[in-house]
Amino acid sequence: MTPQEISEKLAAKFSGVSDIGLEAKLDAPVDPTIKVSPNHILEVAKFLRDDDDMQFDFLSCLSGVDLKGKLAVVYQLFSMVKRHKITIRVEVPTENPSVPSVESIWRTANWHEREAYDLFGITFAGHPDLRRILLPYDWEGHPLRKDYQVPEFYNGMKVPY
Amino acid sequence: MSEAIIAPPISSTGRSLRTEEMIINMGPQHPSTHGVLRLELIVDGEIVVDVVPHIGYLHRCFEKHCEHMTNYQQVIPYVDRMDYVCSMNNEFAYVVAAERLLKIQVPERVEYIRVIMAELQRIASHLIAVGTYGIDIGAFTPFLYCFRDREMILDLFEMTCGARLLYNYMWIGGLSHDIPVEFVPKAKEFCGYFRKQLRDFNDLLTYNEIFVKRTANVGLLPADVAVNFACSGPMLRGSGVNWDLRRDDPYSVYHKFDWDIAVGKGEVGPVGSCWDRHIVRMAEMEQSIRIVEQALEQIPEGDVQSAIPKRIRPNPGEVYARTESPRGELGFYIVSDGTGTPYRIKARSPGFVNLSVINEISRGSMIADLVAIIGSIDIVLGEVDR
């Protein structure tokens with residue numbers, strides 16, 4: 001399926017949902033992207049994986065992005081069976097950012113979501129084990145945020161050494 | 001497999017002994033964790049009940065560094081140091097992503113040289129994987145042969161760009177150097193030599209009875225679990241999934257060559273075992289030789305630096321490009337805000353994703369088998385932690 005068809009099918013499927021917030025950007029230079037409201041990402045993800053025409057079985061990458069004022073979570077999805085791809089995007093405000101976890105759909109999301117939590121402070125509701133993954137467990141702050149200030153000391157050690 | 005419960009021993013008086021689970025730390029300093037990986041093992045005697053990996057000991061803030069570069073080309077040396085045993089493949093993935101973002105068409109000669117380098121590097125990386133895997137299992141000799149042959153590949157790289165491990169060779173739009181005239185005959189000579197060596201490796205290690213017994217029924221990864229965990233590379237193909245990005249999401253000039261995808265077939269036991277992942281690596285080396293030989297024959301003339309842009313300032317946008325590195329799907333997600341500095345770069349490293357499945361495949365195995373499982377995943381902590 002082309003990104004156009006995927007986007008149309010999604011729109012048809014979720015036409016009854018008022019705050020779905022579907023917004024397709026299919027032209028270059030951006031990878032074909034469909035924006036979804038964070039409240040409905042779980043339903044959309046489930047549909048994308050289970051529908052016979054979609055069959056997105058491979059969550060290739062999940063990344064957080066700081067958009068200054070908003071945080072985004074970007075899902076790169078591929079289908080091994082159908083050989084098509086689509087990028088799904090969710091945007092949440094920087095204050096109290098919470099996105100439902102898709103770990104129950106693609107288990108690979110487990111570590112990717114932990115990484116996004118670690119580096120961006122996005123909390124994933126329903127994640128079974130949301131701990132820091134790359135930084136020490138007692139680190140403060142989320143370094144990939146654009147307004148991040150490097151702490152002066154970590155456990156008594158000077159940080160910008 | 002996960003139902004490994006041993007009945008508690010019963011004394012002659014009929015009372016059973018108290019047994020309990022234990023927590024053991026494996027790593028971060030441990031010879032078979034291939035770097036600084038710490039595994040928290042919950043064990044019931046010798047049986048592994050649960051594995052909790054702790055990573056991040058080698059975290060070097062790659063992604064944060066990238067946001068402070070003044071130029072997209074400056075990222076390349078950092079990319080080299082992610083997966084330090086296959087730097088060429090890392091560079092390849094990054095330049096493919098950046099060129100897709102910038103819409104640069106690179107000369108044919110550059111593509112051919114890149115493919116040759118990437119495939120030679122794949123062999124070098126698999127030689128380390130296979131050699132150290134032998135050591136994990138208890139076979140020391142293959143390791144020495146592997147390193148001897150890897151040295152020849154590193155000599156070829158040194159001849160080309162002066163560096164043996166961290167090259168900074170592929171640039172966005174081109175290469176730092178053209179290959180020297182003596183490269184082609186030397187590389188051809190290596191291909192002929194290495195074919196014969198592969199047969200030796202198989203005799204020495206792959207079909208060695210002890211090796212087969214240690215790996216054939218260990219760490220079984222079913223295909224559906226592998227896909228759900230987004231495993232890639234030999235991990236995925238070892239489970240019998242015929243999937244290779246060089247064919248299935250084509251980039252560069254791989255479509256011009258005739259080669260096969262190695263898939264685990266369960267020759268000595270169930271499909272998806274450690275042995276299957278090992279044989280996939282062995283077979284892939286042979287296929288890489290085939291690609292290199294064809295590329296060396298067909299390599300066109302041209303200038304390798306003609307397409308390097310003077311000023312790199314991509315339009316605002318984002319791209320995700322993925323390539324097949326020796327460990328699997330290496331992807332770069334690049335967001336540009338229209339300036340010369342990358343706004344966000346995320347590296348989707350295959351080691352990170354492949355390692356996340358370890359709990360799934362090692363539950364119920366012995367601690368000694370866990371060593372075989374870690375070795376078969378073939379992680380490099382440099383790219384897991386980035």
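In which strand of chain B is the place of B:T323? Select B:T323 in the viewer: this residue sits in strand β6 of chain B. The model on the screen is predicted.

**Stop 1: around B:T323**

Keep B:T323 selected and show what surrounds it. Is B:T323 buried or exposed? A residue is buried when 20 or more other C-beta atoms lie within 10 Å of its own. B:T323 has 24 C-beta neighbours inside 10 Å, so this residue counts as buried.

Next, add the residues it touches. Leaving aside residues up to four places away in sequence, B:T323 is in contact with B:F92, B:A93, B:V96, B:L245, B:Y251 and B:L330. Then pick B:L166, which is 157 residues from B:T323 along the chain. A distance drawn between the two C-alpha atoms should read 19 Å.

**Stop 2: the whole of chain B**

Now select chain B and colour it by secondary structure. Its 15 helices and eight strands should appear. Along the principal axes, the C-alpha atoms fill a box of roughly 85 × 50 × 35 Å. How does the radius of gyration of chain B agree with that of a compact globule? A compact globule of 386 residues would have a value near 21 Å, and chain B has 22 Å, which agrees.

Of the 386 residues in this chain, 51% count as buried. Among contacts in chain B with a separation of 6 or more, 70% are between residues 24 or more positions apart.

**Stop 3: where chain B touches chain A**

Show both chains. The contact between them takes 24 residues from chain A and 29 residues from chain B. On the chain B side, select α1 (62-66), α8 (223-228), β6 (317-325), β7 (328-336), β8 (344-348) and α12 (350-355), the elements that give two or more residues. Which of them gives the largest share? That is β6(B), with five residues, and β6 is also the strand that holds B:T323.

Colour this side of chain B by residue class. There are 13 nonpolar, seven polar and nine charged residues.

**Stop 4: helix α2 of chain A**

Move to chain A and select residues 41-50, which form helix α2. Buried residues in this helix are A:I41, A:V44, A:A45 and A:L48. These residues lie on the same side of α2(A), because they cover an arc of only 100° around the axis.

To see what they pack against, add α1 (3-13), β2 (33-36), β4 (70-78), β5 (85-93) and β6 (98-100) of chain A. The buried residues of α2(A) pack against these elements.

Methods. Residues are numbered from 1 along each chain as its sequence is written. Chains are lettered from A and ligands numbered from 1 in the order in which they are written. This is a predicted model: local features need pLDDT of at least 70, side-chain atom pairs count only at pLDDT 80 or more; totals for chains, interfaces and linings use all residues. Two residues are in contact if their C-beta atoms, placed from the backbone, lie within 7 Å. Helices (H or I, at least four residues) and strands (E, at least two) are DSSP runs, numbered from the N terminus. Ala, Val, Leu, Ile, Met, Phe, Trp, Tyr, Cys and Pro count as nonpolar, Asp, Glu, Lys and Arg as charged, and the others, Gly among them, as polar. The radius of gyration is taken over C-alpha atoms; the globule rule is 2.2 Å times the number of residues to the power 0.38. A residue is buried if 20 or more other C-beta atoms lie within 10 Å of its own, exposed if 12 or fewer, and partly exposed in between; C-beta atoms are placed from the backbone. The arc is that of the directions from the helix axis to the C-beta atoms.
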